Amino acid sequence: KAKELSRGADSLTEAERGVIRSVEALAESAKTASAPKAANQARLTGARILHDGQELEIGPLLGKGGYNEAYGVVGRDDLIVRARLGADEGDELFEAFGRAALEGAHPAVRSGQLGRVDPDIVRVAKRVGEGVGQPGAPFAGRKYEIVERLPGSAAEQLRNAAMTPGQADAVNRALRELNVKGLVWTDCHTGNFSLVPKKGGGPDDWSIVIIDPGGIMPAGGRT
């Protein structure tokens with residue numbers, strides 16, 4: 001847009017020219033700043049991390065959100081590696097609370113202040129390991145976690161199609177289950193959960209698996 005405006009620069013005031021120069025400078029600065037970051041992220045593929053005494057090779061980038069990147073693991077179709085893009089302590093605290101509450105490990109659950117969520121209705125993706133990239137590693141200083149690989153987010157599973165009655169019911173039951181147990185899910189959207197066939201259920205019986213638990217918050221009230 002700055003370039004388009006500059007074509008008619010003869011009719012602009014000095015103040016307007018200054019705005020255009022500022023926009024162009026910001027665009028150039030953003031371009032320069034993003035180059036090393038993109039290069040650093042690209043190097044994660046092929047990096048190696050230790051898990052249970054075994055070396056895992058990070059595979060291709062699968063997806064990227066506001067706070068994490070998800071990578072495959074070479075030779076493992078049951079795991080992914082989620083690497084944090086930054087170090088926001090607030091986001092980490094929210095995510096830690098949500099995971100602990102859903103897994104029943106939070107003190108408020110053990111004390112009875114919050115109810116224990118039924119994992120057959122809704123659960124969080126299982127985490128099997130975590131760590132911080134070591135000095136000299138491609139993602140040095142970045143926190144990562146190794147979690148189960150799900151069949152994709154609901155958005156990917158549905159591909160713009162409408163949910164089946166069973167899938168819609170599964171989402172409704174998950175929300176009600178969380179509410180009854182004293183929790184609210186503030187970022188329930190199809191990109192943040194996976195639809196998994198319910199164990200022992202029929203062809204349209206589903207459970208909800210939350211991908212990012214950072215939006216799980218304690219709440220009071222009736223449902």
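**Entry 1: S6 and S7**

I looked up arginine 127 and found that it stands opposite valine 147 in S7. The model I am reading is a predicted one. I then checked the strands themselves: S6 and S7 pair in the antiparallel sense, and 5 bridges join them. I asked how much of S7 is covered. Of its 6 residues, 5 are buried, so I noted the strand as mostly covered.

On the pairing of S7 with S4, I again read an antiparallel sense over 5 bridges. Here I noted leucine 79, which stands opposite glutamate 148 in S7.

**Entry 2: the sheet of 6 strands**

I followed the pairing outward and wrote down the order S1-S2-S3-S4-S7-S6 for an open sheet of 6 strands with antiparallel pairing. Which strands are at the edges? I found strand S1 (48-51) and strand S6 (127-132) there, each pairing on one side only. Neighbouring strands of this sheet are turned by 35° against each other on average, with direction ignored.

I also looked at strand S3 (residues 68-73) and strand S4 (residues 76-84), which pair in the antiparallel sense over 6 bridges. Glycine 72 is the residue I found opposite isoleucine 80 in S4. As a reminder to myself, strands of a sheet pair through backbone hydrogen bonds, either parallel or antiparallel.

**Entry 3: helix H3**

I turned to helix H3, residues 89-103. I counted 15 residues in H3 and a reach of 21 Å from the first C-alpha to the last, close to the 21 Å expected at 1.5 Å a residue. Which residues of H3 are buried? I listed Asp91, Glu92, Glu95, Phe97, Gly98, Arg99, Ala100, Ala101 and Leu102. After H3 comes glycine 104, and I noted that its phi is positive, near 80°.

**Entry 4: the largest pocket**

I looked up the largest pocket and read about 660 Å³ of space in it. Its lining has 25 residues, and those nearest the centre are Gly63, Ala70, Ile80, Gly191 and Ile211. Ile80 I had already met in S4, opposite glycine 72.

Which strands supply at least two residues of this lining? I noted strand S2 (54-64), S3, S4 and strand S7 (143-148). By kind, I recorded 8 nonpolar, 9 polar and 8 charged residues in the lining of the largest pocket.

**Entry 5: the second largest pocket**

For the second largest pocket I read a volume of about 300 Å³. It is lined by 16 residues, and I noted Glu95, Arg127, Glu130, Lys143 and Glu145 as the closest to its centre. S4, H3, S6 and S7 each give two or more residues to this lining. Which element gives the largest share? I found that H3 does, with 6 residues. Glu95, one of the residues closest to the centre, is also among the buried residues of H3. I recorded 4 nonpolar, 2 polar and 10 charged residues in the lining of the second largest pocket.

**Entry 6: the sheet of 3 strands**

Last, I looked up another open sheet, of 3 strands in the order S5-S10-S9, and its pairing is mixed. Why is one side of S5 and of S9 left without a neighbour in the sheet? Strand S5 (122-124) and strand S9 (193-197) stand at the edges with a single partner strand each, so one side of each has no neighbour in the sheet. Neighbouring strands here are turned by 30° against each other on average, direction ignored.

I closed with S9 and strand S10 (residues 206-210), which pair in the antiparallel sense over 5 bridges. Leucine 195 has isoleucine 208 in S10 as its bridge partner.

Definitions and conventions
Residues are numbered from 1 along each chain as its sequence is written. This is a predicted model: local features need pLDDT of at least 70, side-chain atom pairs count only at pLDDT 80 or more; totals for chains, interfaces and linings use all residues. Side-chain values use heavy atoms; hydrogens and water are left out. Helices (H or I, at least four residues) and strands (E, at least two) are DSSP runs, numbered from the N terminus. The expected span of a helix is 1.5 Å times one less than its number of residues. Buried means under 20% relative accessible area, exposed over 50%, partly exposed in between (1.4 Å probe, protein chains only). Two strands pair if DSSP finds at least two bridges between them. Axes are lines fitted to C-alpha atoms, for helices over the stretch in contact, and angles run from 0 to 180 degrees between N-to-C directions. On a 1 Å grid over the protein atoms alone, a cavity is a set of points where a 1.4 Å probe fits but cannot get out, and a pocket is an open set with protein on both sides within 12 Å along at least five of seven lines; lining residues have an atom within 4 Å of a point. Grid points are joined across faces, edges and corners, and a volume is the space filled by probe spheres set on the points. Ala, Val, Leu, Ile, Met, Phe, Trp, Tyr, Cys and Pro count as nonpolar, Asp, Glu, Lys and Arg as charged, and the others, Gly among them, as polar.
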